[in-house]
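Colleague: I would like to go through the labels on this model one by one. Please set each value against its cut-off.

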Amino acid sequence: MTTPYQLPKHAEPEPEPGDARFFEAAKEGRLLYKRCRACGQPHYYPRAYCPFCMSDETDWCEAAGTGEIYTFSVTRRAGPVPYAIAYVTLDEGVKMMTNIVDCDLDDIRIGQRVRLVYKPTVGDIPIACFTPV
């Protein structure tokens, strides 16, 4: 049996109004982001207004679930289990903060190709993580 990816209770995702589609897609194993129709910029975390031009003309898009590690940090002292936090640049161009999982933490490298994996939490909402390809 797989042990759920345990996040501290304060870090559990708390859906806001307008986030329902994003979190429903996560439960289906799909990662959504937004793209602005006014300026063309993709953005993550999805929100109603574009963080680049403040337009409300944004569309939901589905990510392929692949990308590469932009930067990362391995934490070995913060808790009982070491973990890696990273920014991943999705193939669609958007960067997202995430965890790198299911690998030897000493083998993680900037520029390494990764793919999406969802990890269960103590709540109902799975968390988007990435693992090396």
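The questions below take up burial, salt bridges, strand pairing and a surface patch.

Modeller: This is a predicted model, where local features need pLDDT of at least 70, side-chain atom pairs count only at pLDDT 80 or more, and totals for chains, interfaces and linings use all residues. Residues are numbered from 1 along each chain as its sequence is written, and side-chain values use heavy atoms, with hydrogens and water left out.

Colleague: Why is Lys119 called buried?

Modeller: Buried means under 20% relative accessible area, exposed over 50%, and partly exposed in between (1.4 Å probe, protein chains only). Lys119 has 15%, so Lys119 is buried.

Colleague: What makes Asp102 and Lys119 a salt bridge?

Modeller: A salt bridge needs a side-chain nitrogen of Lys or Arg within 4 Å of a carboxyl oxygen of Asp or Glu. Asp102 and Lys119 meet at 2.8 Å, N to O, so the pair qualifies. Asp102 sits in the loop between S6 and S7, Lys119 in strand S7, 17 residues apart. Asp102 is exposed, at 55%.

Colleague: What does the salt bridge of Arg76 and Asp106 tie together?

Modeller: Their closest N and O atoms are 2.6 Å apart. Arg76 lies in the loop between S4 and S5, and Asp106 in the loop between S6 (95-100) and S7, so the pair ties together parts that are 30 residues apart in sequence. Arg76 has a relative accessible area of 46%, so Arg76 is partly exposed.

Colleague: How do you know that the buried residues of H1 are on the same side?

Modeller: Helices (H or I, at least four residues) and strands (E, at least two) are DSSP runs, numbered from the N terminus. In H1 (residues 20-27), Phe22, Phe23, Ala25 and Ala26 are buried. They cover an arc of only 155° around the axis, so they share one side of H1. That arc is taken from the directions from the helix axis to the C-beta atoms. Ala20 and Arg21, on the other side, are exposed.

Colleague: Why do S1 and S3 count as paired?

Modeller: Pairing takes at least two DSSP bridges between two strands. S1 (residues 32-36) and S3 have five, in the antiparallel sense, so they pair. One of the bridges joins Lys34 to Trp60 in S3.

Colleague: What makes S2 and S3 edge strands?

Modeller: The open sheet runs S2-S1-S3. S2 (42-43) and S3 (58-62) each have a single partner strand, so one side of each is left without a neighbour in the sheet.
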